[in-house]
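Open the model in your viewer and keep the selection panel at hand. The tour moves from whole chains to single residues and ends at an enclosed space.

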Amino acid sequence: MSMRGLTVFIADIRNCRVRELEEKRINKEMANIRSKFKEGNLNGYQKKKYVCKLLYMYILGWDIDFGHMEAVNLIASTKYSEKQIGYLAVTLLFHENSDLVRLVVNSIKKDLDDMNEIYNCLALHAIANIGGREMAETLALDVHRLLISPTSRSFVQKKAALTMLRLFRKHPDVIPATDWADRVIALMDEYDLGVALSVTTLVMAFAQTFPEEYKGCYVKALQRLKRILIDRDFSLDYIYYKVPTPWLQVKCLRLLQYYPPPEDAAVRNEINELLQVIVNNSQDTPKNVQHNNAQNAVLFEAINLAIHLDSNSQICMQAAVLLGRFISSKETNVRYLGLETMAHLAACADSLEPIKKHQETIIMSLRDKDISVRRRGLDLLYSMCDTSNSKVIISELLRYLQIADYTLREEMVLKIAILTEKFATAYSWYVDIILQLISTAGDHVGEEVWFRVVQIVTNNEDLQEYAAKTVLNYLRSPQYNETMIKVGGYILGEFGHLIANSSGCSPIEQFTAVHSKFSLCSLQTRALLLTTYVKFVNLFPEIKSQVLTVFNQYRHVLDSELQQRACEYMAISTLPTDDMLQTVCEEMPPFPERESTLVIKLNQKQGDTEDKRVWVIGGKEANLERRESMKARMSSIDSISTPTSFTAPEPRPATTTNGNSHMMSAEPDLLGLDDLSISTPNNVQLSSNDVPTPGFEPGYHKLQRAAEGVLFEDMHLQIGLKSEYHGHLGRLALYFGNKTGATLQNFTTQIDSTEALTVISPTPVANVVEARSQVQQLLNIECNEFFRESPGLRISYTSQATGPQRLFIKLPVVLTKFMEPIQSMDGNSFFQRWKQIGGAPRESQVVFKSGSQSGISIESVRNILDGYRFGLLDDVDPNPSNFVGAGVVHGGKAGKVGALLRLEPNMEQHMYRLTVRTTSEIVSEELRIILERSLTYDA
Amino acid sequence: MISFILIVNKQSQTRFSKYSHPCTIQHQQRSDFELGLSRECIQREGHQNYIFNYHGVGIAHRRYASLYFILGFADENPFAMLELIQFCVECLEEQVDRVSELDILFNLDKVHVIMDEIILNGMLVESNRKRAAPQMT
């Protein structure tokens, strides 16, 4: 093993005290190795030595761009030591996308098949470290064989399990995990704990992706815990500081948390028994720090499981007591995890009482020496806050905010703002706290916080007067705080008149208070204040002259936004009548109720930084909401990720929105511009009665008979359509072309989808349509029942050229679209079927006059019938000018229905007799209606 | 899973590093990341927590003489990770007798092999000290 050259080289490098010397030595060595490699003729030992040197340089952080081939050669060597270095080099120097990986796949395959298990292991290591798609495709089966083969030694099996995990993580499509479920789960029973650990790890990954197929692992994990904890049946080597295989215990406990609590009472009891054993075990005083940590690892995982199963159980009560002890522990790690686990408990438990007992200690943890502990303390306080302790907690948080770490402040401000809003019992309290928050936190207050204050004040009339008064007081203080000025400016502009009669709050005093800070503010805030001033002009005509002076001054500033505002406000204020001013400065309407922007922001923050958790910081309801929203997201992801398969129709008439609008409403938007009617089902009912946009008919009718063309066109927008239908399924592509020179913003589409006719948009349409360009939307249509109404398409957008626009047109999807023509039927079988169906009610007949002036044209009638997908049968009717047609309507769940048609035109009188016979009354009537309309007007 | 294992000395020089896939830390940024992280760990004094969150990655670290063992993980039990470090060190001790900076440097290939025996692409393989020893020839 020893390589003198290498040792010397390492010693040399170690002796280099300065980076430059090291670089010099490295360059020298690289040049040396390069020339040796170039000469060739190296024996195995030499190759190994040089590759080792290269590896060493690589680990020191130098780039290695040669030597790969030598490493590949070493792998093929028959000597273990050389092979091993070769594999080490490959795993370190190669990455999965490197072209060179192709060179080693064969060697690896050979080693996997080798009789020598140590070679198998080396090969598995390599796959586990660099396995890409190619390896997954070529080698997955070999790895699987090594995993399940009864002849495999355990040290091969355990590595095969984790190698499989790597391949599955990288390329789940290549691994038939569901087919292997039984074999893999069975391996969890393996007596060898090393294998059991690796297989459990693999099963955990599979079970998260295929919970249903792998649900057998639940019992296995349980049995394993039982064997360890109760039967104490394990190999003694696996005891780690008196704790039997803590890592496996933790894995099993975690696996149980991936599944919902079991229904079966016997299973529940069994789990409780196990948890109890773990809790009891933890009562031993640990001998040393390792024992302590290992014990805690198992205990904390057990507590998490207990909370997951039932947060009100006896075990959880015990856990709460233990946690109480932990959070005042001397050991920082224990405090940290104690707080974290307690936050988990607070997030799930119905009663916060056991936690509230420790409120003092938790508040103290805000002053812990360790910032991570402080952060956990903050999370826990946020989770455990309710109406009874909110005042104490919030005032503590406010006090702590002044000395908190800068990194923590923004998050704290958000949390305080949310709690204040959630648990406010008195309006004055809310206003006091939130303004105090803004004034203390200063720059750490995000935009969302003051947006939200404005929303709440606007929506609660009782709050307005008090808010205006308090804000004015803050503005008067010499302290300068930009956020406070923004809130103040907005609130006084809207509600200043409510306090104008109080002493010290006269219009001019309000104006002076605001304007004294004006010159200190940023341009954006100044713009906002100018708007406040124009509202003042409207509310208090007596201070108009003072305000006009300011406008006049700002008519000449360089900033275009300010200048424009000043000029416009000046103009509005000096109009001969006040009508315009009053209209413009009308009081703001209340904001629509929606999810607080603060919570969204907070969740975003957590999403950014925290790992994937099963629960979130926050009270029980926050977790419920989260679970719901996750569910919703999951189902929407499902429908998006499988565009070709059709999801089951929803029970009630639902609306397929393009998804964008849903996301949009989650964005902070103070103005409430996005239309809420989209998300409320009531309004959908209403709007299905609304009147289609005029001018939609020509395209609608024409495209009933054609697969592609222009569906609708107006001054601004052109909608093109392409379609194809097979059986009861159809695909539509809509092309929205912007004809104007301006961008269409907030472009949304919404398509009716009913139980009978589901319309699914796999991907939402783009939100913006650039000038003179087009966007596309694909729709998948499925006919489940025979339907009459064509689905409606609602479009809304705004643009500078047009302002807000809404369109409502019908999609040319009619029942005949799902008809396949029958061309090959002779006269006999036609009439045989015709008679079988018989007359009314399964026959629908009508005699009507052609709308055409020039008389009936046989050619255009033929085109119409053809367009409606009837197969025209010639030579069936003895009269050549009569039409006979046949087709099959695919009604999805309603089954297939054969449709027969006879059309007898009377050329002299410009009349038709149309007879449709099908096995379904509805279909007969519907087909008759469609054809009658078309023949009357289109022929 | 375990995202990476680092062994650094008191001067924040990386002596051993192993990342597993999928890894959020890009290859190019690794040396900066390692430097920042090891400084953070070294600065943390005795009374501070050995488990913390660094740029969204869970970190457990322990100090052995002049070496810092740092483990990055996601979605794992932190105590179990902390003990895993101790376990790795014990395994290394069996093979390279004293775990010091020099021993690690001169036996780098061995250290890699041993670590691979314990942790395979971010997952714990073997928690039996006797069996984690690789077959060395």
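Select chain A. Of its 939 residues, 55% are buried. Bear in mind that this is a predicted model. Switch to a cartoon view, and chain A shows 39 helices and 17 strands. Now turn on the surface. Chain A exposes about 42,100 Å², and 51% of that comes from carbon and sulfur atoms. For a contact map, take the contacts in chain A with a separation of 6 or more: 69% of them join residues 24 or more positions apart.

**Chain B**

Select chain B next. It has 137 residues, and 67% of them are buried. Its cartoon has 5 helices and 7 strands. Trace the elements from the N terminus: the order is β-β-α-β-β-β-α-α-α-β-β-α. The accessible surface of chain B is about 5,000 Å², with 46% belonging to carbon and sulfur atoms. Among contacts in chain B with a separation of 6 or more, 49% link residues 24 or more positions apart.

**A residue in a helix**

Go back to chain A and pick A:Glu273. Which helix holds A:Glu273? It sits in α14 of chain A, which covers residues 265-281. A:Glu273 counts as partly exposed because its relative accessibility is 45%, in between the limits of 20% and 50%. Add A:Ile230 to the selection and draw a distance between the C-alpha atoms. The two residues are 43 positions apart along the chain, and their C-alpha atoms are separated by 9.3 Å.

**A residue in a strand**

Now centre on A:Tyr797. This residue belongs to strand β10 of chain A, residues 792-799. Is A:Tyr797 buried or exposed? Its relative accessibility is 2%, so A:Tyr797 counts as buried. Show its neighbours, leaving out residues up to four places away in sequence. A:Tyr797 touches A:His716 and A:Leu717, then the run A:Leu744, A:Gln745, A:Asn746 and A:Phe747. It also touches A:Thr802, A:Gly803, A:Pro804 and A:Gln805. Add A:Thr743 for a C-alpha distance: A:Thr743 and A:Tyr797 are 54 residues apart in sequence and 9.8 Å apart in space.

**The cysteines**

Select the cysteines in every chain. How many disulfides are there over all chains? The count is 0. Zoom in on A:Cys217. The closest cysteine sulfur, in A:Cys252, is 9.6 Å from the sulfur of A:Cys217, so the pair is too far apart for a bond. A disulfide would need the sulfur atoms within 2.5 Å. A:Cys217 is buried, at a relative accessible area of 0%. Move on to A:Cys585, which also counts as buried, at 12% relative accessibility.

**An enclosed space**

Last, display the cavities. The structure holds 7 of 30 Å³ or more. Choose the second largest, with about 100 Å³ of space. Which residues lie nearest the centre of this cavity? They are A:Leu6, A:Cys52, A:Tyr56, B:Leu108 and B:Asp109, out of 13 lining residues. Colour the lining of the second largest cavity by residue type: 10 residues are nonpolar, 2 polar and 1 charged.

Then colour the elements around the second largest cavity. From chain A, α1 (4-15) and α3 (44-59) each supply at least two lining residues. From chain B, α3 (101-106) and α4 (108-118) each do likewise. End the tour on α3 of chain A, which gives the most to this lining, with 4 residues.

Methods
Residues numbered from 1 in each chain as written. Chains lettered and ligands numbered in written order. Predicted model: local features only at pLDDT ≥ 70, side-chain atom pairs only at ≥ 80, totals over all residues. Heavy atoms only, no water. 1 Å grid on protein atoms, 1.4 Å probe; cavity = no way out; pocket = protein on both sides within 12 Å on 5 of 7 lines; lining within 4 Å. Points joined across faces, edges and corners; volume = space filled by probe spheres on them. Nonpolar A, V, L, I, M, F, W, Y, C, P; charged D, E, K, R; others polar. Buried < 20%, exposed > 50% of the residue type's maximum accessible area, 1.4 Å probe, protein only. Contact = heavy atoms within 4.5 Å. Areas by Shrake-Rupley, 256 points an atom, 1.4 Å probe, with all protein chains shown as cover.
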